[in-house]
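Please find below my notes on the model you sent. They go from the whole chain to a single helix.

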Amino acid sequence: EQLLVLSQININDNISINGKWILAPTGSIHEARLKAKVKRRLRKNSSRDSGRGDSLSDNGDVVHSVVPPTSPKGKLLNRRSRMGKGRGLPKKGGAGGKGVWGSPGEVYDEDEVDVKDPNYDAEQENCVYETVVLPLDGETFEKTVTPIVQEYFEHGDANEVAELLAELNLGSMRGDVPMLAVSLALEAKASHRELTSRLLSELCGRVLTAADVEASFHKLLKELPDLVLDTPGAPQMLGQFIARAVADNILPKSFIDGYKGRVDSEYARAALDRVAVLLRMSRWTGLRFDSLWGSGGGQRPVNQLIKEVNLLLKEFLLSGDTVEAERCLRELEVPHFHHEFVYEAVIMVLESKGDRTLQMILQLLKSLCASTVITVDQLRRGFERVYLDMADLSIDVPCAYSLLEQFVEQSFNAGVIDKKLRDLCPCRGRKRFISEGDGGRLKLSSY
């Protein structure tokens, strides 16, 4: 009976007889070992390739699923716990990464000094650390202050200069600030000298003292022989600076009294004589020192500029000196207003009705354009303004159109204007409504 039962049971299965298990033959044991080995290999690779989804079939073959593999790099970037614990939040609340100073919103308290620290020094507990600015020497002073003064000539903001100088440790070089500013102004324009006088008045009391200003002018009087080499008119200009400083109350009135009878240099004597004359004129005639240097072109009223331009043109028509007219136009310091000069010059040609004025104005414009005193843009704007005002000008000057055509044509032949500007010249055509040779018939408007 036992042999019959064995023949009916699968040879690869384990059997139990009377409560005892009987192992299957050796071949089945070898297959079981292969299955276990494959299972261990799959279990080992599951951590590296968890998304592949491989499994074993009933026959022991490996079955590949269609699930795409997961990148190992993507698994490394995952910040969830690999231990299967927690809620998947970042470690340490997001404060544990590289270059992180702490969790957001965390405020650190001040570090308490540890008395038991080997590097502890009781004398350093109440120390106050401040930034120390080294004093300027002669060479560094000139390189630092000169750009500040030159930029001031452009923007004219004395408060900015005072703030920049206050940040520097001038030390013993503080008294050389007025001297440097005046030396640069002697070689600059009249408007820059006016700005320098205002700057000295603004700095006195904030950055400089009255003694610093007085010491600077003493040095300038001593160095006049050297200043005259670069600026021949330095004695008269320095005298005006001293008179303006006295009027602004940054120099005492007794400044020139200390030089009486003790001046050896002829240049210093000329400067002090200029001071005495100006102070006497202010006392007797009420001369205002605030307009001693004049005001810059951009600061003058437009009406005043127009009057000065007309006066310049009238003096030129009387003298015929082109060089003097060019110098006076430069001294106005209004390059943006030269179109008004061109406009007034052309108007004078139209109102004069003479060939002499036309030729003189044409010569002047040609000279000014050749020396680039008047730019092409300013010249074009001046002529265009005349073109636009021809309707009003022709009321006062009936022959204005013909005079303008003549002047524009000669200006084009002389190379003063180009062909495009010449073609823009307006002309008033003569309309005939009734012709004498047509029997009194009216002409069409399109004739």
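1. Contact here means heavy atoms within 4.5 Å. On that basis, of the contacts in the protein chain between residues at least 6 apart in sequence, 63% join residues at least 24 apart. The model is predicted.

2. The protein chain contains 19 helices and 4 strands. Of its 447 residues, 32% are buried. Its accessible surface amounts to about 30300 Å², with 52% of that belonging to carbon and sulfur atoms.

3. Helix H12 covers residues 302-319, which is 18 residues. At 1.5 Å a residue the helix should span 26 Å, and its end C-alpha atoms are 26 Å apart, so the expected and modelled spans agree.

4. Which residues of H12 are buried? They are Leu 305, Val 309, Leu 312, Leu 313, Phe 316 and Leu 317. Seen down the axis of H12, these buried residues fall within an arc of 135°, and therefore line one face of the helix.

5. The face of H12 turned away from the buried side carries exposed residues: Asn 303, Lys 307, Lys 314, Leu 318 and Ser 319. Leu 318 is thus listed as exposed, whereas Leu 317 is buried.

6. The cover over the buried residues of H12 includes three helices: H13 (322-332), H14 (338-352) and H15 (355-370).

7. Just after H12 comes Gly 320, where phi is positive, at about 75°.

Definitions and conventions: Residues are numbered from 1 along each chain as its sequence is written. This is a predicted model: local features need pLDDT of at least 70, side-chain atom pairs count only at pLDDT 80 or more; totals for chains, interfaces and linings use all residues. Side-chain values use heavy atoms; hydrogens and water are left out. Helices (H or I, at least four residues) and strands (E, at least two) are DSSP runs, numbered from the N terminus. Buried means under 20% relative accessible area, exposed over 50%, partly exposed in between (1.4 Å probe, protein chains only). Accessible areas come from the Shrake-Rupley method with a 1.4 Å probe; for residues, only the protein chains shown count as cover. The expected span of a helix is 1.5 Å times one less than its number of residues. The arc is that of the directions from the helix axis to the C-beta atoms.
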